[in-house]
Amino acid sequence: MTPVRIILLALINLPLLLAACTEPGTYPVSGEECGPEDPVLELDASDCPAGSAL
């Protein structure tokens, strides 16, 4: 495996590893505490267009 490929794989996997290291009840990226008035709690799967995760 070339060094460039190793670096590329590390950069791709870094966000996944960092997201796994969050406290329960906090957002993974910002680290802010989740609250009962967060607007994301009102979201439903129907609010997201099909294929938006691509």
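Is Gly35 buried, partly exposed or exposed, and at what relative accessibility? The points below address this residue and its surroundings in what is a predicted model.

1. Gly35 has a relative accessibility of 22% and therefore counts as partly exposed, since the buried class requires a value under 20%. The residue belongs to the segment that follows helix H1, which spans 3-19. Its C-alpha lies 8.1 Å from that of Gly25, and the two glycines are separated by 10 residues in sequence.

2. Asp38 is likewise placed in the segment after H1. The side chain of Asp38 comes to 2.7 Å from the backbone nitrogen of Gly35. When residues up to four places away in sequence are set aside, Asp38 touches Tyr27 and Glu33.

3. The charge environment of Asp38 merits separate mention. Asp38 is buried but forms no salt bridge. Arg5 is the nearest side chain of opposite charge, at a distance of 38 Å; a salt bridge would require a side-chain nitrogen of Lys or Arg within 4 Å of a carboxyl oxygen.

4. A further point concerns the N-terminal part of the chain. Met1 sits in the segment before H1. Its relative accessible area is 70%, so Met1 is classed as exposed, the threshold being over 50%.

5. Met1 also contributes to a nonpolar surface patch, together with Ile6 and Leu9. The area of this patch is about 320 Å².

Notes
Residues are numbered from 1 along each chain as its sequence is written. This is a predicted model: local features need pLDDT of at least 70, side-chain atom pairs count only at pLDDT 80 or more; totals for chains, interfaces and linings use all residues. Side-chain values use heavy atoms; hydrogens and water are left out. Helices (H or I, at least four residues) and strands (E, at least two) are DSSP runs, numbered from the N terminus. Buried means under 20% relative accessible area, exposed over 50%, partly exposed in between (1.4 Å probe, protein chains only). Patches are made of residues with over 30% relative accessible area and no salt bridge: like charges are joined within 9 Å, nonpolar side chains (Val, Leu, Ile, Met, Phe, Trp, Tyr) within 5 Å. Accessible areas come from the Shrake-Rupley method with a 1.4 Å probe; for residues, only the protein chains shown count as cover. Lys and Arg count as positive and Asp and Glu as negative; His and the chain ends are not counted. A polar contact is a pair of N or O atoms within 3.5 Å; within protein, one must be able to donate a hydrogen and the other to accept it, and residues adjacent in sequence count only if both atoms are side-chain atoms. Contact means heavy atoms within 4.5 Å.
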